Amino acid sequence: MAQEDTGVEDVDLLVVGGGKGGKTLAMDMARSGGRVAMVERGMIGGTCINVACIPTKTLVTSARLLDSLSRAEQVGVRAGKPVADLTLLREHKDGVVAGMVDLNHRQFLDSGMDFVLGTARFTGERTVRVELNDGGTRVLRGKDVVINTGTTPAMPDIPGIAEAGPLTSETLLHLDRIPEHLVVIGGGYVGLEFAHMFAAFGSRVTILHRGERVLPREDPDVSEAVAGFLADAGVRLHTRVTLTEVSRGPSGMTVRLSDGTEVTGTDVLVAVGREPVTRELDLDAAGVRTDARGFVKVDDRLATSAPRTWAVGDVAGSPQFTHVSLDDYRIVKANIAGADRRTTGRLVPWNVFTTPELARVGMTETEARAAGHDVRVARMPVAAVPRARTLRDTRGVWKAVVDRDSDRILGVALLGPDASEVMTVVQTAMLTGAPYTLLRDSIIAHPTMAEGLNMLFNALSD
């Protein structure tokens, strides 16, 4: 029911935007008896649940099943030719998303918070005016305020691209057909996941990437291995390209390159990063400064330039992962209570859910050497792991970097089946400061993928 503006409503905590960090903090403080209001424009549960991690990884599950079924005879099963059914894919994705949205909504209400659906603009320090989705306005003021509005897909500055109306990582999830030929602009995490996924669904896929290689922050041997698996899946990859124009015609969309060549697909996906949702917040009125790209400026306590005003998640320039936003929640919760918790020195893992998947934590070999470490490096094909052979999936390579002087693990890149789960074992050892010999000499159950860590760290170079 709409509420009329009857003056300022004071709360202990005001959260603007309902992403992972903000919603977790709001529920936590509300359950503890605090007066909490959280304003969300409409994406209940945040970006991750609605248009990012959850729906995409739900579809990755479908793509991987297709991959497994295509190799079924290798494990003694005749399954016939698998085919992706768009209606069933959408029902699968929408069912998972709807269930999680409903769960989040019930958790919001059960926590005791005031969950406000509407659009907030700052009118002063720690104060917002909310245009309610069902009509009317409210003015809310928090003793503490947390900005958690997230990011949205960025659109590159290429002539004609806005008029052509390409797909983004969000709109692609609502397609009413599987593209015959999907052209992906961008060779980062998001672009590669969608490329591999739609190749499994039966699309022809072409990636256009301006860099020398995909996943440029990885070591060359790792990014080249990923590129090889993309090629095996039928994905065409063009690197070191400059895009000069995008246009839409009767046969689809055409991307013109600086060398005069053209690539035409039925659909074009833009996956070149994300930009912060801050433009319409009127942050100046709150005394909150942003950087040149619009991200909220924070210190290592996640405090903004305004008193008792914090920012968490993507909008604060944190690494754009839901698990980082969750850690931002821990930091801000502690600091609101008077502690001095900081983001400095966080060990942030990440995964690319291609098939096989790539899991990374810590430094690459290139980064470790640049930082002055005398390193030892281990490389091992996934085929060396007995469990991979039982899975009939020996694709991939594992790589570890160790500091020669201290024997501490500096980082790993694991490309292969179940890599994201195995990576967490290494991350735990790194967090404890344990030497690599802990994993080399541990008794790890056989046959598991994690058992490969015995072999990987036994293969360290002299």
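**Strands, cores and a cavity in a predicted model**

In this predicted model, L13 has V36 as its bridge partner in strand β2.

User: Which residue stands opposite L13 in β5?
Analyst: Strand β1, which covers residues 8-16, is joined by eight bridges to strand β5, residues 137-147, and these two strands run parallel. Within that pairing, the residue of β5 that stands opposite L13 is D144.

User: In which sense do β1 and β2 pair, parallel or antiparallel?
Analyst: One place where the two strands meet is V15, which stands opposite M38 in β2. The chain passes from β1 through helix α1, residues 20-31, before reaching β2, and this β-α-β crossover is right-handed. Over four bridges, the sense in which β1 and β2 pair is parallel.

User: What is the bridge partner of A37 in β3?
Analyst: Strand β2 also pairs with strand β3, which spans residues 114-124, and this pairing is in the parallel sense over four bridges. In β3, the residue that forms the bridge with A37 is D114.

User: Why is β2 largely enclosed by the rest of the structure?
Analyst: From β2, the residues V36, M38 and E40 point one way while A37 and V39 point the other way, and all are buried. Buried here stands for a relative accessible area under 20%. Strand β2, residues 36-40, is therefore largely enclosed by the rest of the structure, because the number of its five residues that are buried is five.

User: Is D232 buried or exposed?
Analyst: D232 is found in helix α7, and its C-alpha atom is separated by 43 Å from that of E40, which lies 192 residues apart from it along the chain. A residue counts as exposed when its relative accessible area is over 50%. The value for D232 is 63%, so this residue is exposed.

User: Which helix gives the most to the largest nonpolar core?
Analyst: Nonpolar side chains in soluble globular proteins tend to be buried together. The largest nonpolar core here has 38 residues, of which M197, F198, F201 and L358 touch the most other members. Several elements each supply at least two residues of this core, including α3 (53-70), β8 (204-208) and β20 (409-416). With six residues, the helix that gives the most to this core is α6.

User: How many residues are in another core that lies apart from it?
Analyst: This other core lies apart from the largest one, and its members include V385, A400, V412 and A450. The number of residues in this core is 27.

User: Which residues is F198 in contact with, leaving aside its neighbours within four places in sequence?
Analyst: F198 is one of the residues that touch the most other members of the largest nonpolar core, and F198 is also among the residues lining the largest cavity. With those sequence neighbours set aside, its contacts are L172, L175, I178, P179, L182, S203 and V205.

User: Which helix gives the most to the lining of the largest cavity?
Analyst: A search of the whole structure finds one cavity of 30 Å³ or more, and about 110 Å³ of space lies in the largest cavity. Its lining includes L59, L86, R90, L172 and F201. With four residues, the helix that gives the most to this lining, covering residues 86-111, is α4.

Key. Residues are numbered from 1 along each chain as its sequence is written. This is a predicted model: local features need pLDDT of at least 70, side-chain atom pairs count only at pLDDT 80 or more; totals for chains, interfaces and linings use all residues. Side-chain values use heavy atoms; hydrogens and water are left out. Buried means under 20% relative accessible area, exposed over 50%, partly exposed in between (1.4 Å probe, protein chains only). Two strands pair if DSSP finds at least two bridges between them. A crossover is right-handed if, with the strands pointing away from the viewer, the path from the first strand over the helix to the second runs clockwise. A nonpolar core is a set of buried Ala, Val, Leu, Ile, Met, Phe, Trp, Tyr and Cys residues joined through side-chain atoms within 4.5 Å. Contact means heavy atoms within 4.5 Å. On a 1 Å grid over the protein atoms alone, a cavity is a set of points where a 1.4 Å probe fits but cannot get out, and a pocket is an open set with protein on both sides within 12 Å along at least five of seven lines; lining residues have an atom within 4 Å of a point. Grid points are joined across faces, edges and corners, and a volume is the space filled by probe spheres set on the points.
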